[in-house]
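Let's walk through this structure together, one piece at a time. Keep the picture in view as you read.

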Amino acid sequence: MGMNIKSEKAQKLARRLADATGQSMTAAIEQALEAEIKRLETNDDLAIRKARIKDILRRSGPTPPGATSDHSDLYDDDGLPA
């Protein structure tokens, strides 16, 4: 299977990447494409996880009145357990 890239800019970028990595242009392009696909898939996974968390928070309802993360009453002035 062949590929003919007619963009001078793409060819220059591929050559720069190949030179910088010491790889052939084909290997450098393959690696770059694989890295980009992995990055996109990771971002998709992150977006899915964020959406799930937001859904859980939405379904859990509002925070009860008086709820706080302040636990200073459990420690003395030196930060030791009271």
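**From the outside in**

Start with the surface: the protein's accessible surface adds up to about 7700 Å², and 56% of that belongs to carbon and sulfur atoms. Keep in mind that what you're looking at is a predicted model.

Now take in the overall build. The protein has two helices and zero strands. Along its principal axes, the C-alpha trace spans about 70 × 35 × 20 Å. Here's a handy check on that: a compact globule of 82 residues would have a radius of gyration near 12 Å, whereas this protein comes in at 26 Å. And how much of the protein counts as buried? Just 4% of the 82 residues do.

Next, let's look for empty space. Rolling a probe the size of a water molecule over the atoms shows where such space is left. The largest pocket found here has a volume of about 190 Å³. Two elements each give two or more residues to its lining: helix 1 (8–21) and helix 2 (25–60). Which of them gives the most? That's helix 2, with five residues. If you'd like to find the pocket yourself, look for its lining residues, among them Met3, Ile5, Ala10, Gln11, Met25, Ile29 and Leu33. Sorted by character, the lining splits into seven nonpolar residues, three polar ones and one charged one.

Time to turn to charges. Side chains of opposite charge can pair when their charged atoms come close. In this model, the count comes to four salt bridges. We'll visit some of them, moving from one helix to the other.

In helix 1, find Arg15 and Asp19. These two form a salt bridge, with their closest N and O atoms 3.7 Å apart. Why are they well placed to face each other along the helix? Arg15 and Asp19 are four residues apart in helix 1, so about one helical turn separates them. How open are they to the outside? Arg15 has 40% relative accessibility, so this residue counts as partly exposed. Asp19 has 54%, so this one counts as exposed.

Now slide along to helix 2 and look for Asp55. Its side chain meets that of Arg58 in a salt bridge, at 2.3 Å from N to O. Both residues lie in helix 2, three residues apart, which is about one turn of the helix. Asp55 also forms a salt bridge with Arg59, and here the closest N and O atoms are 3.0 Å apart. Arg59 and Asp55 are four residues apart in helix 2, so they too are separated by about one helical turn. Put those pairs together and you get a single network: salt bridges that share partners join Asp55, Arg58 and Arg59.

What about the accessibility of this trio? Arg58 is exposed, with a relative accessible area of 59%. Arg59 is exposed as well, at 56%. Asp55, the residue that pairs with both, has 29% relative accessibility, so Asp55 counts as partly exposed.

Note on methods. Residues are numbered from 1 along each chain as its sequence is written. This is a predicted model: local features need pLDDT of at least 70, side-chain atom pairs count only at pLDDT 80 or more; totals for chains, interfaces and linings use all residues. Side-chain values use heavy atoms; hydrogens and water are left out. On a 1 Å grid over the protein atoms alone, a cavity is a set of points where a 1.4 Å probe fits but cannot get out, and a pocket is an open set with protein on both sides within 12 Å along at least five of seven lines; lining residues have an atom within 4 Å of a point. Grid points are joined across faces, edges and corners, and a volume is the space filled by probe spheres set on the points. Ala, Val, Leu, Ile, Met, Phe, Trp, Tyr, Cys and Pro count as nonpolar, Asp, Glu, Lys and Arg as charged, and the others, Gly among them, as polar. The radius of gyration is taken over C-alpha atoms; the globule rule is 2.2 Å times the number of residues to the power 0.38. Buried means under 20% relative accessible area, exposed over 50%, partly exposed in between (1.4 Å probe, protein chains only). Accessible areas come from the Shrake-Rupley method with a 1.4 Å probe; for residues, only the protein chains shown count as cover.
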